[in-house]
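Trainee: I would like a close look at a single part of this model. Please take strand S1 and its surroundings, and then go on to the pocket.

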Amino acid sequence: MTKYCKIEIFIPESHLEILQETLRNCGAGHIGKYDSCMSYSRVVGTWRPLEGTHPYSGEVGKVSTEEEIKAEVTCRVSEAERVIEAVKAIHPYEEPVINVIALLRTGL
């Protein structure tokens, strides 16, 4: 069983600072004697809101293409659910994309 996972979070750049604070408060991104360890990159996302949605950005029935941030942070598998719930609480998207990837080996 792996001890660590990587969490990928797609979020608008406007929410990067609150995401960093939330992850820090959850203990995600804590590596040795460092905290707040996270990487991020700008990506382009596409989506089409369907009937019955209330999108943060875009219009129902139309494909949207916008820049957003892909943030990556390492945490213990045992803490992943708590981290995900905390991220969802501050995330503006109706359906946030949060991926949890098991890490077979890390530098930890």
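Mentor: What follows starts with the whole chain, goes on to the first strand and its contacts, and ends at the pocket.

This is a predicted model, in which local features need pLDDT of at least 70 and side-chain atom pairs count only at pLDDT 80 or more, while totals for chains, interfaces and linings use all residues. Residues are numbered from 1 along each chain as its sequence is written, and side-chain values use heavy atoms, with hydrogens and water left out.

The chain has 2 helices and 4 strands, in the order β-α-β-β-α-β from the N terminus. Helices (H or I, at least four residues) and strands (E, at least two) are DSSP runs, numbered from the N terminus. The C-alpha trace spans about 45 × 30 × 20 Å along its principal axes. Of the 108 residues in the chain, 31% are buried; buried means under 20% relative accessible area, exposed over 50%, and partly exposed in between, with a 1.4 Å probe and protein chains only.

Strand S1 covers residues 4-11. In S1, 7 of the 8 residues are buried, and the strand is mostly covered. S1 pairs with S3 in the antiparallel sense over 8 bridges, where a pair of strands requires that DSSP finds at least two bridges between them. Phenylalanine 10 has lysine 70 in S3 as its bridge partner. S1 also runs antiparallel to S4, joined by 6 bridges, and here isoleucine 7 has valine 100 as its bridge partner. In a regular strand the side chains alternate between the two faces of the sheet.

Side-chain contacts come next. The structure holds 4 salt bridges, a salt bridge being a side-chain nitrogen of Lys or Arg within 4 Å of a carboxyl oxygen of Asp or Glu. One of them joins lysine 6 and glutamate 72, at 2.8 Å from N to O. Lysine 6 is in strand S1 and glutamate 72 in strand S3, so this pair links distant parts of the chain, 66 residues apart. Lysine 6 has 22% relative accessibility and therefore counts as partly exposed.

Another salt bridge is formed by glutamate 8 and lysine 70, with the closest N and O atoms 3.4 Å apart. Because glutamate 8 lies in strand S1 and lysine 70 in strand S3, the pair ties together parts that are 62 residues apart in sequence. Glutamate 8 has a relative accessible area of 11%, so glutamate 8 is buried. Lysine 70 is thus named twice: as the bridge partner of phenylalanine 10 and in the salt bridge with glutamate 8.

Just past the strand, glutamate 13 forms a salt bridge with arginine 42, the closest N and O atoms being 2.5 Å apart. Glutamate 13 sits in the loop between S1 and helix H1 (16-26), and arginine 42 in strand S2, 29 residues away in the chain. Glutamate 13, at 40% relative accessibility, counts as partly exposed, whereas arginine 42, at 51%, counts as exposed. Valine 43 is also in strand S2 and, at 22% relative accessibility, counts as partly exposed. The C-alpha atoms of valine 43 and glutamate 66 are 8.4 Å apart, with the two positions 23 residues apart in sequence numbering.

Now the pocket. The largest pocket has a volume of about 450 Å³. On a 1 Å grid over the protein atoms alone, a pocket is an open set of points where a 1.4 Å probe fits, with protein on both sides within 12 Å along at least five of seven lines, and lining residues have an atom within 4 Å of a point. The volume is the space filled by probe spheres set on the points, which are joined across faces, edges and corners. Among the 19 lining residues, Trp47, Ser57, Tyr93, Glu94 and Glu95 are the closest to the centre. Strands S2 (39-47) and S3 (64-76) each supply at least two residues of the lining. By class, the lining has 9 nonpolar, 4 polar and 6 charged residues; Ala, Val, Leu, Ile, Met, Phe, Trp, Tyr, Cys and Pro count as nonpolar, Asp, Glu, Lys and Arg as charged, and the others, Gly among them, as polar.
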